[in-house]
Amino acid sequence: MSPKLRRIAHLDLPGGGQVRVHGTTAYVGHMDPPHGTTILDVSDPAKPSVLSTLSLPDGYSHSHKVRVAGDVMIVNVEQAKRHLMRRIRSALEKGADTSSFKPADIETARREYGDGGFRVYDISDKRRPRLLTHVRTHGFGVHRFDMDSRYAYISTEMEGYVGNILVIYDLARPERPEEVARWWMPGQHVAGGEKPTWPGYKNRLHHALRCGDQLWAAVWHAGLRVIDVSDIRKPRTVGAYDYHPPFPEPTHTVLRVPFPVAGRQVAVGIDEEHDHVPGQLHAGMWIFDVGDLGAIRPLAMFHVSELDSPWSRTGRFGAHQFQEHMSDTLVYATWFSGGLRIVDIADPTAPREVASYIPEPPAGFPSPQSNDVDVDERGLVYLLDRNRGLDILEYAPHG
């Protein structure tokens, strides 16, 4: 634990999947129904207050991601417990033994799910968000995504494809988003005659972040792709790097740093700790040289030792996510039961941890599960736990 990080507030919120801060307003997407989205006033960060909450109408979906541009807010709609639902459906299709599953979960898996997609809200009055539309996509629905004032870059299942692909929507009329383009990896479009060279859902889009005229896409066990969107209706792949195998954990997020670092053009990538196998590496963070998109190469990795957290053996441990914007060389990364790690990449060949913060486990849970993080314009850090709680931290580099 570093004295450079000080907790200035804690909110006992339901566990969350994403936190985003715009100005003096924070937006939290929650993991489990009926909790949907919480909007917070953080103008006084020591005394944050709830402006409004959005609840889900039933227990079949969750809405754990949220993005905002201006007065428009988008939240995902995805089938709750989708990985479990997929395992149960596979067992049912094969006629396999399902006695290890709960009867209620089997019943849910048998139920047709048609709500997957995303909801768009007018938040000009943050105390009274107004639903503009619910766009339905397909299958399990939408996972993580990016957006700006004009477009939404949605990661979703779509009919005729295996695994999540990119669907770009025009938000010129936010009450009626218009699909303008799709992008997928060769092999995903099975309805178009393609055949995947990987098993199941191993390779798919996790999400893509817009950086200028490019989207930087994390594609799970296929590494990363760089997508040119200078013509928004014709996205095309212009760069790729795959490190699976030998690295076992899937690629979660990739962001091109918007300024040179030590004279190099670099990108930061982070993997997600999923099903850790003893003897293999835990998920970590990558620094890539991306000066030549035709020859992307790794410069360094950053890892956290199990010895650096008292809860590394009592809860999911390893990397997950970092803030999806950068204005300096600091990367704020969540490490599940390893808490928050602040890593300086001023030397991109030797990333260096400069501070860390591991919260206490929420009541009733064996470990903290630091899931998502954002940093506001004041430099305050918002650390969201997957199971319960939001911490607001102050980082003092010089202690």
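This is a short walk through a predicted model, taking one helix pair, two sheet regions and a few backbone details in turn.

Let me begin with helix 1, which covers residues 82-94. Helix 1 has 13 residues and reaches 18 Å from its first C-alpha to its last, which is close to the 18 Å expected at 1.5 Å a residue. If you look along helix 1 for its covered positions, you will find that Arg82, Leu84, Met85, Ile88 and Ala91 are buried. In general, an α-helix has 3.6 residues a turn, so residues three or four places apart point the same way. As for what these buried residues of helix 1 pack against, the partners are strand 8, helix 2 and strand 11, the last of these being residues 142-147.

Both ends of helix 1 deserve a moment. On the side before the helix, in the loop between strand 8, residues 72-79, and helix 1, you will find Lys81, a residue that is not a glycine and yet has a positive phi of about 55°. Lys81 is partly exposed, with a relative accessible area of 48%. On the other side, helix 1 is followed by Gly95, and the phi of Gly95 is positive as well, near 70°.

Now let us bring in helix 2, residues 103-110, which packs with helix 1 at an angle of about 80°, the two axes being 9 Å apart. Angles from 65 to 115 degrees count as roughly perpendicular, and helix 1 and helix 2 are therefore roughly perpendicular to each other. On the side of helix 1 the contact is made by Leu84, Met85, Ile88, Arg89 and Leu92, and on the side of helix 2 by Asp105, Ile106, Thr108, Ala109 and Arg110. Sorted by character, the residues of this contact divide into six nonpolar, one polar and three charged.

One residue of that contact that I would like to follow further is Asp105, which lies in helix 2. Is Asp105 buried or exposed? With a relative accessibility of 10%, Asp105 counts as buried, because the cut-off for buried is under 20%. Which residues does Asp105 touch, if we leave aside its neighbours within four places in sequence? The answer is Lys81, Leu84, Met85 and Ile88, so Lys81, the partly exposed residue in the loop before helix 1, appears here again. For a sense of distance, Asp105 and Leu5 are 100 residues apart in sequence and 42 Å apart in space, C-alpha to C-alpha.

Let me turn to the strands, starting with strand 13, residues 165-170, which is mostly covered, given that six of its six residues are buried. Ile165, Val167 and Tyr169 point one way from strand 13, while Leu166, Ile168 and Asp170 point the other way, and all of them are buried. Strand 13 runs antiparallel to strand 12, residues 151-156, and six bridges join the two; within this pairing, Ile154 has Val167 as its bridge partner. Strand 13 also pairs in the antiparallel sense with strand 14, residues 178-183, over five bridges, and there the bridge partner of Tyr169 is Glu179.

Earlier in the chain, four strands form an open sheet in the order 2-3-4-5, with antiparallel pairing. Strand 2, residues 16-22, and strand 5, residues 49-55, stand at the edges with a single partner strand each, so one side of each is left without a neighbour in the sheet. From one strand to the next, the twist averages 15°. Within this sheet, strand 4 and strand 5 run antiparallel and are joined by six bridges, and Leu40 stands opposite Val50 of strand 5.

That sheet also leads us to the backbone details. In the loop between strand 3, residues 25-30, and strand 4, residues 35-41, sits Pro34, and a cis peptide bond with an omega of about 10° joins Pro33 and Pro34. Another cis peptide bond joins His244 and Pro245, with an omega of about -15°, and Pro245 lies in the loop between strand 18, residues 236-241, and strand 19, residues 251-256.

Finally, please look at Phe336, which is found in strand 24, residues 330-336. Its phi is near 50°, a positive value in a residue other than glycine. Where Lys81 is partly exposed, Phe336 is buried, with a relative accessible area of 0%.

Key
Residues numbered from 1 in each chain as written. Predicted model: local features only at pLDDT ≥ 70, side-chain atom pairs only at ≥ 80, totals over all residues. Heavy atoms only, no water. Buried < 20%, exposed > 50% of the residue type's maximum accessible area, 1.4 Å probe, protein only. Pairing = 2+ DSSP bridges. Axes fitted to C-alpha atoms, helices over the stretch in contact; angles between N-to-C directions. Parallel < 35°, antiparallel > 145°, perpendicular 65-115°, else oblique. Contact = heavy atoms within 4.5 Å. Nonpolar A, V, L, I, M, F, W, Y, C, P; charged D, E, K, R; others polar. Expected span 1.5 Å × (residues − 1).
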